[in-house]
Amino acid sequence: MTLTDAEIDNLLAPAGLRFLERVQGEVQLPPLPPGHSPASAGPEHGRFDSHEHEVADLDASDMAEKVNASWHRMATQYGLFDGNREFLLAVGRARLGKDPDEEPYTVWLRVRLLDQWDLVGSEADLLRSGFATLFTARFVPEFTAASLDGRMMMNTTVWGNGTISTIVIRP
């Protein structure tokens with residue numbers, strides 16, 4: 001069963017995100033060269049990584065604080081938010097109760113970051129990594145956000161070495 005807008009808002013509320021609307025149509029994202037994903041892009045493609053001290057170990061007790069702090073610093077520094085702290089959040093179709101085999105695989109939501117927020121510590125299921133569930137029961141965040149103007153995108157992701165960090169693409 002497909003989640004209603006009210007259900008999506010309730011699922012995002014603990015993270016400090018207010019659901020505003022589902023984005024209809026294609027979302028503009030920063031261009032990457034053919035064959036490159038954000039994870040495989042380099043600095044020459046406009047990739048910026050979390051600072052070394054912001055990279056969190058999956059099992060570290062301060063994982064949520066580190067990931068939240070790095071995400072917010074980078075979101076602010078690289079222009080994720082508009083004047084109302086609004087941005088786009090990508091959610092997999094299956095997480096919304098939709099057919100995961102339908103294209104596009106991702107649904108974009110317009111959201112607002114509230115004054116009180118905790119993207120990681122809230123353990124909001126819509127921000128949970130599907131990949132990390134293969135090797136841990138702990139909540140691990142993994143999500144993509146983009147600015148409304150399409151000039152930047154960011155991924156918070158878990159890496160194969162058991163760390164979590166955020167990357168920004170802003171050519």
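This passage describes helix H2, its surroundings and the salt bridges of a predicted model.

Helix H2 covers residues 63–77. At 1.5 Å a residue, its 15 residues should span 21 Å. The end C-alpha atoms are 21 Å apart, which agrees with that expectation. Several residues of H2 are buried. They are Met 63, Ala 64, Val 67, Asn 68, Ser 70, Trp 71, Met 74 and Ala 75. An α-helix has 3.6 residues a turn, so residues three or four places apart point the same way. Such spacing can be followed in the buried set, which includes Met 63, Val 67, Ser 70 and Met 74. Just after the helix, Gly 79 takes a positive phi of about 85 degrees.

Met 63 also serves as a reference point for strand E8. Val 168 is found in this strand, which comprises residues 163–169. Val 168 is buried, with a relative accessible area of 0%. Its C-alpha atom and that of Met 63 are separated by 19 Å. Along the chain the two residues are 105 residues apart.

Negative charge gathers on the surface in a patch of Asp 57, Asp 59, Asp 62 and Glu 65. Asp 59 lies in the loop between strand E3 (56–57) and H2. Asp 59 is exposed, because its relative accessible area of 64% is over the 50% cut-off.

Backbone geometry singles out two further loop residues. Most residues other than glycine have a negative phi. Arg 85 has a positive phi, near 65 degrees, and is not a glycine. Arg 85 is found in the loop between H2 and strand E4 (86–92). Glu 123 likewise has a positive phi, of about 55 degrees, although it is not a glycine. The loop that holds Glu 123 runs between strand E5 (106–113) and strand E6 (143–146). Glu 123 is partly exposed, with a relative accessible area of 46%. Arg 85 counts as partly exposed at 28% relative accessibility.

The salt bridges come to a count of 9. In one of them, the side chains of Arg 110 and Glu 21 meet at 4.0 Å, N to O. This pair links distant parts of the chain, 89 residues apart. Arg 110 lies in strand E5, and Glu 21 in strand E1 (residues 17–22). Arg 110 is partly exposed, at 25% relative accessibility. Glu 21 is also partly exposed, with a relative accessible area of 39%.

Arg 110 has a salt bridge with Asp 82 as well, the closest N and O atoms being 3.9 Å apart. Asp 82 lies in the loop between H2 and E4 and Arg 110 in strand E5, so the pair ties together parts that are 28 residues apart in sequence. Asp 82 is partly exposed, with a relative accessible area of 29%.

Arg 85, described above for its phi, forms a salt bridge with Asp 115 (3.8 Å, N to O). Arg 85 is in the loop between H2 and E4 and Asp 115 in the loop between E5 and E6, so this pair ties together parts that are 30 residues apart in sequence. Asp 115 is exposed, with a relative accessible area of 67%. Salt bridges that share partners also build one network. Its members are Glu 21, Asp 82, Glu 86, Arg 110 and Arg 112.

How values were computed:
Residues are numbered from 1 along each chain as its sequence is written. This is a predicted model: local features need pLDDT of at least 70, side-chain atom pairs count only at pLDDT 80 or more; totals for chains, interfaces and linings use all residues. Side-chain values use heavy atoms; hydrogens and water are left out. Helices (H or I, at least four residues) and strands (E, at least two) are DSSP runs, numbered from the N terminus. The expected span of a helix is 1.5 Å times one less than its number of residues. Buried means under 20% relative accessible area, exposed over 50%, partly exposed in between (1.4 Å probe, protein chains only). Patches are made of residues with over 30% relative accessible area and no salt bridge: like charges are joined within 9 Å, nonpolar side chains (Val, Leu, Ile, Met, Phe, Trp, Tyr) within 5 Å. Accessible areas come from the Shrake-Rupley method with a 1.4 Å probe; for residues, only the protein chains shown count as cover. Lys and Arg count as positive and Asp and Glu as negative; His and the chain ends are not counted. The place of a charge is taken as NZ of Lys, CZ of Arg, CG of Asp or CD of Glu.
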